[in-house]
Amino acid sequence: MPIEDTPTFTVINDNPSFGELVTGFRPSDYGVIAASTTIPTVVGLSFGKPAPRIAGAMLCLIGVTGGFTIALQNSAGRLLGFKENRRECETYSVPFVDCTPGSL
């Protein structure tokens, strides 16, 4: 997959801080964190032989780290204009511009 260097949506903040990224989480981002934490934990507790509690704890830690990273990337993509960001434009009172090829 090629790396995009030109945003296709409105750039809200070209240098967002960590706090702005976390504040910009949508409910779907929290769902990603919850799913990526819960599913591996259940799998580890169910199939982690000979120590299911240790396997569950380790997979929980890996899952929450991965889910938080994905949510952080989604939030950054919206603030930087690489993902659809209509809600964020309304929140920051910035006009929404869609420059995707099929929208012009």
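## A guided tour of the predicted model

Colour the chain by pLDDT to begin: confidence is lowest in helix α4 (residues 86-91), with a mean of 89, and highest in α2, with a mean of 96. The model is a predicted one, and the protein chain as a whole averages a pLDDT of 90. Of its residues, 93% score at least 70. Where pLDDT is low, the predicted coordinates should not be read in detail.

**The pair α2 and α3**

Select residues 27-47, helix α2, together with residues 52-80, helix α3. Two packed helices are described by the angle between their axes and the distance between the axes. Here the angle is about 160° and the axes are 7 Å apart. Angles over 145 degrees count as roughly antiparallel, and α2 and α3 are therefore roughly antiparallel to each other. Their crossing is right-handed. Displaying the side chains at the contact of α2 with α3 brings up twelve nonpolar, eight polar and three charged residues.

**The loop between them**

Next, select Lys 49 and Pro 50. Pro 50 belongs to the loop that lies between α2 and α3. Inspect the backbone here: the peptide bond from Lys 49 to Pro 50 is cis, and its omega is near 5°.

**Asn 13 and its partners**

Move to the segment before α1 (18-23), where Asn 13 is placed. Is this residue, Asn 13, buried or exposed? Its relative accessible area is 19%; since buried means under 20%, Asn 13 counts as buried. Add Glu 20 to the selection: the side chains of Asn 13 and Glu 20 are joined by a polar contact of 2.7 Å. Then add Asn 15, whose backbone nitrogen lies 3.0 Å from a polar atom of the Asn 13 side chain.

**Glu 88 in α4**

Helix α4 holds the next stop, Glu 88. This residue, Glu 88, is buried, at a relative accessible area of 7%. For a distance to display, pick the C-alpha atoms of Glu 88 and Thr 23: they are separated by 11 Å, although the two residues stand 65 apart along the chain.

**Ser 93, after α4**

Finish at Ser 93, which is found in the segment after α4. What is the phi of Ser 93? The angle is near 55°, a positive value in a residue other than glycine. With a relative accessibility of 64%, Ser 93 counts as exposed, whereas Glu 88 in the preceding stop is buried.

Definitions and conventions:
Residues numbered from 1 in each chain as written. Predicted model: local features only at pLDDT ≥ 70, side-chain atom pairs only at ≥ 80, totals over all residues. Heavy atoms only, no water. Axes fitted to C-alpha atoms, helices over the stretch in contact; angles between N-to-C directions. Helix = DSSP H or I, 4+ residues; strand = E, 2+ residues; numbered from the N terminus. Parallel < 35°, antiparallel > 145°, perpendicular 65-115°, else oblique. Left-handed = near helix turned anticlockwise from the far one by under 90°. Nonpolar A, V, L, I, M, F, W, Y, C, P; charged D, E, K, R; others polar. pLDDT = per-residue confidence, 0-100. Buried < 20%, exposed > 50% of the residue type's maximum accessible area, 1.4 Å probe, protein only. Polar contact = N/O pair within 3.5 Å; in protein donor to acceptor, adjacent residues only side chain to side chain.
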